[in-house]
Amino acid sequence: MDFKTLTSALALATLAVPTLAAAEDFSLWVRSDGSEFMPKLVEAFNAQSSAHSANLQIVPVDELVQKYAIASAGGSAPDALSLDLIYTPAFAEAGQLRDLTEFATSLPYFDQLSPAHLSVGTVDDKIYGLPFSGDASILLWNKDLYEKAGLDPEEGPKTWVEVAEDARAIRALSDETYGFYFSGNCGGCNIFTFAPLIWAAGGNILSEDGREAQLTSKIAVEAIDFYRGMVQEGLVPAGAETDSGSNFFAAFANGNIGITPSGSFAIGALNNQYPDLNYGVTYLPGQQEGQISSFAGGDNIVISARTDESKIPAIEAFIEFAYSIEGQKILTANGAMPVRSDLAKQALAGLDARYLIPAEAMSKGRTPYSIVFNDIINSRNGPWITTLNQAFFAKTEDDMMQAIEDGQADMQSIIDRAY
């Protein structure tokens, strides 16, 4: 949903919107992606607080944005919402979120909160969204395949060149093994796992204010050509070209892929579903050793603009509970990354040590700021994935450049229309 569509939805105050059940103290929504950690967090908060309690509603992930827009227009928005952080700018600029600046900056650990979450939670120097749950992109490698290929199984690649070199060695093992895998027709997958390669190398795909597309920038083009080179060498299975995300996780889990970019969620999923897979976790690298980055995903917690003042102390108490070591441990034990860097190691204690990699990566991560993120990035037919798919699998460099230039123009056109 783009900014103008969102604004239109917010204007439909005459639409019939189901009224929320009366909250015990304050009402709280979360997308279904948070259904593992949020009920446990709410239960713990309600159990320890005699003064406040939260009434939780889980909303299907594909319905939450539209549902919240309509509820806001109809006056029945939840008091608070755990919102996919990429949508924070659009709702904030539409006037639907409460200014949290005073509360946020009063927190003694404010400077330890995820900077990427705060970057998209801040509009015109005011904070409308605070970091709530985290997810980070990482690089996985198959240690058994590394050993068979004569590579050090304990050392993952640290640069683009090393990724390609290691992928070649693994591809040479047999016709059934491939060096690298990515979902070549999935916008969300590639903003999560490909864009950080550009950021790590010092480049970008959007300006900081989200008003300028930068797909034709030098480093962006070099990163795209890096992927195209691996495709041209046959290091990537042919099925990657049409994979819209359905094989994003399973390809590596099957054991015949050497290297793949993924997310912190993969650690728990691989451990539970494929306990015999011997794999390593490292950072998404740039062109030079020491350059790393990550897409910092997850949710921001926001308060609806029209939430009654009497509910604010309870919501603030809930946020502070989520930021406590107890709250951070509940999040990490149920699939989310911590959003307080000073508590990360403590919150992850007792879990797979490989979680420390995405925790560190997220502290250095980024999240693109855009009020039209869905249209330019997540849309199945949007310019981001259309450009990448055509460019990654282009037969010639000229075809690659044409795809990038067309994508730059299309992305900029959508941005310009929003403003």
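**Notes on a predicted model, point by point**

1. Let's start with one residue: Phe45 is found in helix H2, which covers residues 38–48. Keep in mind as you click around that this is a predicted model. Is Phe45 buried or exposed? Phe45 is buried, with a relative accessible area of just 1%.

2. Who are the neighbours of Phe45? Skipping residues within four places in sequence, Phe45 is in contact with Phe26, His52, Ser53 and Ala54, and also with Ala314, Ala317, Phe318 and Phe321. Try finding Gly327 as well: Gly327 is 282 residues away from Phe45 along the chain, yet their C-alpha atoms are separated by 8.4 Å.

3. Gly327 leads us to helix H15, residues 325–333, where it is one of the buried residues. The others on that list are Gln328, Ile330, Leu331 and Thr332. What do the buried residues of H15 pack against? Their partners are H2, strand S6 (130–142), helix H14 (312–323) and helix H16 (344–348). So H2, the helix that holds Phe45, turns up again here. Just after H15 comes Gly335, which takes a positive phi of about 100°.

4. While we're on positive phi, have a look at two aspartates. A bit of background first: most residues other than glycine have a negative phi. Asp124 goes the other way, with a phi near 50°, and the phi of Asp125 is positive too, near 65°. Where do you find them? Asp124 lies in the loop between strand S4 (122–123) and strand S5 (126–127), and Asp125 has its place in the loop between S4 and S5 as well. Asp124 is exposed, at 71% relative accessible area, and Asp125 is exposed at 73%.

5. Now for the cysteines. How many disulfides does the model have? The count comes to one disulfide. In case the word is new to you, a disulfide is a covalent bond between the sulfur atoms of two cysteines. Here the partners are Cys186 and Cys189, with their sulfur atoms 2.2 Å apart. The link of Cys186 and Cys189 is right-handed, with 75° about the S-S bond. Both ends are tucked away: Cys186 is buried at 10% relative accessible area, and Cys189 counts as buried at 9%.

6. Gly184 deserves a stop too. You'll find Gly184 in the loop between strand S7 (178–180) and helix H9 (187–193). Loop or not, Gly184 is buried, with a relative accessible area of 0%. Which residues does Gly184 touch? Leaving out residues up to four places away in sequence, Gly184 touches Asn190, Ala240, Glu241, Asp243, Ile385, Asn389 and Phe393. Pro338 is another matter: Gly184 and Pro338 are 154 residues apart in sequence and 29 Å apart in space, going C-alpha to C-alpha.

7. Time to zoom out. The protein chain has 20 helices and twelve strands. The radius of gyration of the protein chain is 22 Å, close to the 22 Å that the globule rule gives for 419 residues, so the chain is as compact as a globular protein of that length. Along its principal axes, the C-alpha trace spans about 65 × 50 × 35 Å.

8. How much of the chain is buried? Buried residues make up 56% of the 419 residues. Contacts tell you how the chain folds back on itself: of the contacts with a separation of 6 or more, residues 24 or more positions apart account for 77%. Phe45 is a handy example to look at, given that its contacts include Phe321.

9. Last, the surface and the charges. The protein chain exposes about 16800 Å², and carbon and sulfur atoms supply 46% of that area. There are 25 positive and 54 negative charges, and the mean positions of the two sets are 1 Å apart.

Key. Residues are numbered from 1 along each chain as its sequence is written. This is a predicted model: local features need pLDDT of at least 70, side-chain atom pairs count only at pLDDT 80 or more; totals for chains, interfaces and linings use all residues. Side-chain values use heavy atoms; hydrogens and water are left out. Helices (H or I, at least four residues) and strands (E, at least two) are DSSP runs, numbered from the N terminus. The radius of gyration is taken over C-alpha atoms; the globule rule is 2.2 Å times the number of residues to the power 0.38. Buried means under 20% relative accessible area, exposed over 50%, partly exposed in between (1.4 Å probe, protein chains only). Contact means heavy atoms within 4.5 Å. Accessible areas come from the Shrake-Rupley method with a 1.4 Å probe; for residues, only the protein chains shown count as cover. Lys and Arg count as positive and Asp and Glu as negative; His and the chain ends are not counted. The place of a charge is taken as NZ of Lys, CZ of Arg, CG of Asp or CD of Glu. A disulfide is a pair of cysteine sulfur atoms within 2.5 Å.
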